[in-house]
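Okay, thanks for making room for me today. Let me put the model up and walk you through it.

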Amino acid sequence: MANDGTQGSGNGLLYGVIGALCVVVAGGGFYIYQSSQTPKLAPETAQAPVPAPAAPAPPVQATPRPAPPPAPAGPSASQLGQARAWIADARRLAARGNFGDAETALQNADQVVPGFAETAMVRREIADMRTARGQTGRQDNRQDSRLAALLATAQAAIARHDYAAADRALDEAERIDARDPAVVQTRHELLEAAARGGRPSNRN
């Protein structure tokens, strides 16, 4: 009986140890299980560094405008004097009616001082003078033609002894130019013819 008691208490101790080991193993397994199931907290997201403000862009500089070309220097005093001498020559030549040489003198003045206002002014003056001279010349030509016709009429009348008709033609010719040598000569011829014929001229 004594052996049974000892064996029984030894078994109880063994069972106690086994139970304790089971508890420890169960507790450790539970801890491990809990540890594996607990979500790991993500580490705090590191704040991204704030970028430094960009440096301001340099101000846009306007493209410098090219400097204007220097103004051309005006004519020298010597050039002005030479141009004015050509202009004076042009005036003298035009006054003599030599308009071609006057224009040549003005062209020389243009070469010395291009665009000279005095040259342009004198060129206009000479052009007006040339126009007026041309009109006067045409008028003189017409008068010369009329005078020649009147003298021819007077001489024909003297030849046929029609002194009255000759006198009328000479009167009109003298209104055109009484100092014309041909008019004066024809008047003398009329007076001499009338005197030779014994019949004075009947002047109306």
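So, this is a predicted model, and I'd like to start with two helices, H2, which is residues 77-95, and H3, residues 99-112. Their axes come within 8 Å and cross at roughly 170°. Anything over 145 degrees counts as roughly antiparallel, so that's what we call H2 and H3 relative to each other.

Who makes the contact? On the H2 side you have Gln79, Gln82, Ala83, Trp86, Ile87, Asp89, Ala90, Leu93 and Ala94. From H3, the partners are Phe99, Asp101, Ala102, Ala105, Leu106, Asn108, Ala109 and Val112.

Okay, zooming out. How many helices and strands does the protein have? There are 6 helices and 0 strands, so to speak an α-α-α-α-α-α pattern when you read along the sequence. If you take contacts between residues at least 6 apart in sequence, 58% of them join residues at least 24 apart.

Now the surface. The accessible area of the whole protein is about 15,500 Å², and carbon and sulfur atoms account for 60% of that. As for the inside, 19% of the 204 residues count as buried.

One surface spot to look at before I stop: Leu14, Tyr15 and Ile18 form a nonpolar patch, with about 330 Å² of accessible area together. Take Ile18, which sits in helix H1, residues 2-37. Is Ile18 buried, exposed or partly exposed? Its relative accessible area is 41%, and since partly exposed covers the range between 20% and 50%, Ile18 is partly exposed.

How values were computed:
Residues are numbered from 1 along each chain as its sequence is written. This is a predicted model: local features need pLDDT of at least 70, side-chain atom pairs count only at pLDDT 80 or more; totals for chains, interfaces and linings use all residues. Side-chain values use heavy atoms; hydrogens and water are left out. Patches are made of residues with over 30% relative accessible area and no salt bridge: like charges are joined within 9 Å, nonpolar side chains (Val, Leu, Ile, Met, Phe, Trp, Tyr) within 5 Å. Accessible areas come from the Shrake-Rupley method with a 1.4 Å probe; for residues, only the protein chains shown count as cover. A salt bridge is a side-chain nitrogen of Lys or Arg within 4 Å of a carboxyl oxygen of Asp or Glu. Helices (H or I, at least four residues) and strands (E, at least two) are DSSP runs, numbered from the N terminus. Buried means under 20% relative accessible area, exposed over 50%, partly exposed in between (1.4 Å probe, protein chains only). Axes are lines fitted to C-alpha atoms, for helices over the stretch in contact, and angles run from 0 to 180 degrees between N-to-C directions. Angles under 35 degrees count as roughly parallel, over 145 as roughly antiparallel, 65 to 115 as roughly perpendicular and the rest as oblique. Contact means heavy atoms within 4.5 Å.
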